[in-house]
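Thanks, everyone, for making the time. I would like to walk through one structure with you, going from the inside to the outside, and I will pause on a few residues along the way.

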Amino acid sequence: MDSGKQITLVNNLDQIEEVELVCSFKIPSNNQKYLIYTKNEKDQNGSVIIYIGKLESVDNKQHLIEIKSDSEWEILKQIIREMIKYTDTGDKI
């Protein structure tokens, strides 16, 4: 993908990983912020694998947490579909 925007993720074991930020956005209806990022890995079809996580502020630090709710996943999948449709028209995000 190579958008050039690298971010650093630190997991619970203090392991550091540099990833590429695809985009970030906020959903006003649930007042939550999300990140879409990639490690530039490819699946068996050659497509780049993307990851998504919810941002949560704790002690003035941003934490990326797992999305567990099926209803939240459905909303996020619809947003990603809309992003893909938008970029398929040739417009830039």
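Let me begin with C23, in what is a predicted model, and ask which residues C23 is in contact with once its neighbours within four places in sequence are left aside. The answer is Y34, L35, I36 and M83. One of these, I36, is also the bridge partner of C23 in β3, and I36 in turn has I52 as its bridge partner in β4, so that we can step from C23 to I36 and on from I36 to I52.

Those three residues are among the members of the largest nonpolar core, which has 10 residues in all: C23, F25, I27, Y34, I36, I52, I67, L76, I80 and M83. At least two residues of this core come from each of β2, which spans 16–27, β3, which spans 32–42, and α1, which spans 70–88. There is also a second, separate core of six residues, and I7, V19, L21 and L35 are included in it. As general background, nonpolar side chains in soluble globular proteins tend to be buried together. It may also help to recall that side chains in a regular strand alternate between the two faces of the sheet.

Turning to the strand pairing, β2 and β3 run antiparallel and are joined by seven bridges. β3 also pairs with β4, residues 48–58, again in the antiparallel sense and over seven bridges. The hairpin of β2 and β3 has four residues between the strands, and within this hairpin N31 takes a positive phi near 55°. In the hairpin of β3 and β4 there are five residues between the strands, and here G46 takes a positive phi near 85°.

N31 brings me to K26, which is placed in strand β2. Is K26 buried, partly exposed or exposed? Its relative accessible area is 45%, and because partly exposed covers the range between 20% and 50%, K26 counts as partly exposed. Not counting residues up to four places away in sequence, K26 touches N31, Q32 and K33, and the side chains of K26 and N31 are joined by a polar contact of 2.9 Å. K54 lies 28 residues from K26 along the chain, and the C-alpha atoms of the two are separated by 9.5 Å.

Two other asparagines deserve a look for their backbone angles. N40, found in strand β3, has a phi near 60°, a positive value in a residue other than glycine, and N40 is partly exposed with a relative accessible area of 38%. N60 also has a positive phi near 60°, but its setting is the loop between β4 and β5, the latter spanning 61–65. With a relative accessible area of 84%, N60 is exposed.

Finally, let me come to the largest pocket, which holds about 720 Å³ of space. It is lined by 24 residues, of which L9, V10, N11, H63 and L64 are the closest to its centre. The elements giving two or more residues to this lining are β1, which spans 6–10, together with β2, β3, β4 and β5. Which element provides the largest share of the lining? That is β5, with five residues.

Methods: Residues numbered from 1 in each chain as written. Predicted model: local features only at pLDDT ≥ 70, side-chain atom pairs only at ≥ 80, totals over all residues. Heavy atoms only, no water. Core = buried A, V, L, I, M, F, W, Y, C linked by side-chain atoms within 4.5 Å. Buried < 20%, exposed > 50% of the residue type's maximum accessible area, 1.4 Å probe, protein only. Contact = heavy atoms within 4.5 Å. Polar contact = N/O pair within 3.5 Å; in protein donor to acceptor, adjacent residues only side chain to side chain. Pairing = 2+ DSSP bridges. 1 Å grid on protein atoms, 1.4 Å probe; cavity = no way out; pocket = protein on both sides within 12 Å on 5 of 7 lines; lining within 4 Å. Points joined across faces, edges and corners; volume = space filled by probe spheres on them.
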